[in-house]
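This report describes selected features of one protein model, with the cut-off of each term given where the term is first used. The structure is shown below.

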Amino acid sequence: MKWYHLTDAPLQIHGLAVKKWQKYFRLPEEIIDQVNEKVTFLATYSAGGRIRFRTDSPVIEMRHSVANITLAGPGTGIIGRSGADCYVDGIFRGNRPRAFDSALLTTHIVKEPCMQDVEIYLPAFNRLLTFEIGVEDGAKVEAPRPYTVQKPIVFYGSSITHGEAASHPGNSYASQVARKLDADFINLGFAGAARGEQIMADYIAGLDMSLFVLDYDHNAPSVEHLQNTHYNFYETVRKAQPLLPILMMSKPDFEGNHTSAARQTNILRRAVIQSTWEKARKNGDQNVYFLDGETFFGTKDRDLCTSDLTHPNDLGFYRMAQVIAPTIEKILANPMEE
């Protein structure tokens, strides 16, 4: 086997701000310590990070190490938190490690012996330390085919955006949406910690992106907090990027714990997000959009869509992507002109 480290050419890394030995972070080092303490920690997780290349090798070996293989979360097992997904020509081809040696995970993938595009999703809820890819001796390894949507879609939000409770990294709604659109993306979901802070608004406003998804409803500590931060977050990004499409979304688990009080709170939270959208439109912004999270799970068997009344499971994430992807596709197909 010939082995490549994830930073070796012609492999390409997408979705991460820091890409160097044992540091594969989602936020740059100059601001990672300026956000709230939990975001500082979670930004070291490689959620949304991907390795891409083309090869004719009939076998791909993946071996990677993470900081803590024992981490657990609501509805998310070891593969969902620490595993790496392999997709070949856009089709899921495996992720189940055949060996665990301390925090080293080794995975064997079989593919066709012809040139195919390979995309590997990095661990969503663990800090990646090393990642190596092995191909058969003599196999060709080339740079990947470019994405159809080359400027990334940027998602900012809660544990739902992060991908909590997805059975594996490629099943988060952000990952599914990006695959459906053949788009690059950046996942800035921070479980329990996305509070609409100004430093995050300023950072995101400076990113070169095709579309921004504003989805932190769940992590705003209160309706009042959401009111105090949501329009300002939108306005910060809009002032920096006048032509950028901005999609605002409310939480999908609208029923909450199925009490009338929870529902009323979620109605108020949704109203805050709608008011940002309505105010933006009234002020002449024709490139801002709103999706009602209550619609994401559909009307049938909604109770099957979460793992714990909060976090979508694979079915919930699938249903979310089925609504969000066509919306983004339509937006990107009709860009605003200068």
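## Strand β13 and its pairing

Val154 has Ile186, in β13, as its bridge partner. Strands here are DSSP runs (E, at least two residues), as helices are (H or I, at least four residues), and both are numbered from the N terminus. The strands β12 and β13 pair in the parallel sense over six bridges, where pairing requires that DSSP finds at least two bridges between two strands. The model is predicted: local features need pLDDT of at least 70 and side-chain atom pairs count only at pLDDT 80 or more, whereas totals for chains, interfaces and linings use all residues. Residues are numbered from 1 along each chain as its sequence is written, and side-chain values use heavy atoms, with hydrogens and water left out.

Is β13 enclosed or open to its surroundings? Seven of the seven residues of β13 are buried, so the strand is largely enclosed by the rest of the structure. Buried means under 20% relative accessible area, exposed over 50%, and partly exposed in between (1.4 Å probe, protein chains only). On one side the buried residues are Ala183, Phe185, Asn187 and Gly189, and on the other Asp184, Ile186 and Leu188, which leaves both faces of β13 covered.

## The five-stranded sheet

An open sheet of five strands, paired in parallel, follows the order β13-β12-β14-β15-β16. The edges are formed by β13 and β16 (288-291), each with a single partner strand, so one side of each has no neighbour in the sheet. On average, neighbouring strands of this sheet are turned by 20° against each other, direction ignored. Such angles run from 0 to 180 degrees between N-to-C directions, with axes as lines fitted to C-alpha atoms, for helices over the stretch in contact.

Three bridges link β14 in the parallel sense to strand β15 (residues 246-249), and Phe212 stands opposite Ile246 in β15. Helix α7 (residues 260-282) packs on the sheet, touching β15 and β16, and its direction makes about 155° with that of β16. Four bridges join the parallel strands β15 and β16; Met248 has Phe290, in β16, as its bridge partner. Together, β15, α7 and β16 make a right-handed β-α-β unit. Right-handed means that, with the strands pointing away from the viewer, the path from the first strand over the helix to the second runs clockwise.

## Helix α5

In helix α5 (residues 198-205), the buried residues are Met200, Ala201, Tyr203, Ile204 and Ala205. They pack against β12 (149-157), β13 (183-189), β14 (211-215) and α6 (223-240), with contact meaning heavy atoms within 4.5 Å.

## Arg302 and Ile160

Arg302 lies in the loop between β16 and α8 (314-333) and counts as buried at 16% relative accessibility. Its side chain makes a polar contact of 2.7 Å with that of Glu255. A polar contact is a pair of N or O atoms within 3.5 Å; within protein, one must be able to donate a hydrogen and the other to accept it, and residues adjacent in sequence count only if both atoms are side-chain atoms. Beyond residues up to four places away in sequence, Arg302 touches Pro252, Phe254, Glu255, Glu294, Phe297 and Arg319.

Ile160, in helix α3 (residues 159-162), is buried with a relative accessible area of 2%. Outside its neighbours within four places in sequence, the contacts of Ile160 include Tyr173, His218, Pro252, Asp253 and Phe317.

## Cysteines

The count of disulfides (pairs of cysteine sulfur atoms within 2.5 Å) comes to zero. Cys86 is in no disulfide, and its nearest cysteine sulfur, that of Cys114, is 14 Å away. Cys86 is buried, with a relative accessible area of 0%.
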